[in-house]
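Reader: I have a new structure to look at and no background on it. Can you walk me through it?

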Amino acid sequence: MESSYNCDKCEDKGYIVVNEDGNEAVKFCECREVKLAKERLEKSGIADRVKTNTFKNYRVNNSTRENARNVCVKYITDFNRDKCLLLQGQVGSGKTHLAIATCNKLLEKYSVKYMSYTKDINELKFNMTDTDFYNKKIGEYRNTSILFIDDLFKGFEKGDYSRARAELRIMYDIINYRYDNKKAMIITTELSTDKLLELDEALASRIIEMTNNFETESKYRFDFKGKELNYRIYGL
């Protein structure tokens, strides 16, 4: 007869009873980690994209793309909960692809929360007076194990800071909390380091500090430079 359980070993309980030196002991079943990984993925906000944005299908056809990939792989290998991966620069260079590929690997062990900057910053701004909603959303971004911010400060790359005050206040609240509490972030942005510092030196310096690993002498940041890296125009 075909089993009705997803896991026959524990009968979907998530734990098993084993005998250790004549005594019964309860242990988590190996299926538990698989289940938790699936739940983390579903809650991350990038479930639909992890299948298409992988390291395997990230085409490395020049030294720039190879170096960028290597920075991401190094971040995963060294993973430290108080460090940040920062991918910045040229639009269409594959920053989000690499960030999602990195998240996909880390989702095997950690929770990841996706923040689409242009969409989610507007939602937060429009609901600042709704205290319950606002605090709940801010709490999600503050407390997740890893926060992935995609396209941070989108729209500011041309120096138009007219809407910056409200957005900086919100992002400072999130990023400073994570900085103080040593919580990892993965960030993509079109802004160069100089532009980030010009926009808000206090905030930018926190992000940059979190990309430095002095123990391994590594920097988990990469700046894509050059319009020829835009695959949407010039192909891969």
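Author: A term to start with: a salt bridge is a side-chain nitrogen of Lys or Arg within 4 Å of a carboxyl oxygen of Asp or Glu. By that rule, Asp173 and Arg142 meet in a salt bridge, at 2.7 Å from N to O. The pair links distant parts of the chain, with Asp173 in helix α6 (residues 164–180) and Arg142 in helix α5, 31 residues apart. Note that this is a predicted model.

Reader: Ok. Is Asp173 buried or exposed, or in between?

Author: Asp173 counts as partly exposed, at 25% relative accessibility. Arg142 is also listed as partly exposed, with 25% relative accessibility.

Reader: How many salt bridges turn up in the whole structure?

Author: A search of the whole structure finds nine. One of them joins Lys137 and Glu140, at 3.5 Å from N to O.

Reader: Where do Lys137 and Glu140 lie?

Author: Both are in helix α5, which covers residues 131–143. They are three residues apart, about one turn of the helix. Lys137 is buried, with a relative accessible area of 15%, while Glu140 is partly exposed at 25%.

Reader: And which residues are linked with them in a network?

Author: Lys113, Lys136, Lys137 and Glu140 are linked in a network of salt bridges.

Reader: Got another salt bridge, maybe with Glu11? What is its partner?

Author: Glu11 forms a salt bridge with Lys13, and their closest N and O atoms are 3.1 Å apart. Glu11 is partly exposed, with 37% relative accessibility. Lys13 is partly exposed too, at 46%.

Reader: Staying with charge, how many positive and negative side chains are there?

Author: There are 41 positive and 38 negative side chains in the protein. The centres of the two sets lie 3 Å apart.

Reader: New topic. How many disulfides does the structure hold?

Author: Zero.

Reader: Why is Cys10 not bonded to Cys31?

Author: The sulfur of Cys10 is 3.5 Å from the one in Cys31, its closest cysteine sulfur, and that is too far for a bond. The cut-off for a disulfide is 2.5 Å between the sulfur atoms. Cys10 itself is buried, with a relative accessible area of 3%.

Reader: What about Cys72, how far away is the nearest cysteine sulfur?

Author: For Cys72 the nearest cysteine sulfur belongs to Cys103, 9.7 Å away, and Cys72 is in no disulfide. Cys72 is buried, with a relative accessible area of 0%.

Reader: Let's step back. How many helices and strands are there?

Author: The protein has nine helices and nine strands. Its C-alpha atoms fill a box of roughly 70 × 50 × 40 Å along the principal axes.

Reader: What share of the residues is buried?

Author: Buried residues make up 42% of the 236 residues in the protein.

Reader: And what does the outside look like? How much area does the protein expose?

Author: The protein exposes about 13,600 Å², and carbon and sulfur atoms supply 46% of that area.

Reader: Last one, on contacts. What percentage join residues at least 24 apart?

Author: Counting contacts between residues at least 6 apart in sequence, 74% join residues at least 24 apart. The salt bridge of Asp173 and Arg142 was a case of a pair linking distant parts of the chain, 31 residues apart.

Note on methods:
Residues are numbered from 1 along each chain as its sequence is written. This is a predicted model: local features need pLDDT of at least 70, side-chain atom pairs count only at pLDDT 80 or more; totals for chains, interfaces and linings use all residues. Side-chain values use heavy atoms; hydrogens and water are left out. Helices (H or I, at least four residues) and strands (E, at least two) are DSSP runs, numbered from the N terminus. Buried means under 20% relative accessible area, exposed over 50%, partly exposed in between (1.4 Å probe, protein chains only). Contact means heavy atoms within 4.5 Å. Accessible areas come from the Shrake-Rupley method with a 1.4 Å probe; for residues, only the protein chains shown count as cover. Lys and Arg count as positive and Asp and Glu as negative; His and the chain ends are not counted. The place of a charge is taken as NZ of Lys, CZ of Arg, CG of Asp or CD of Glu.
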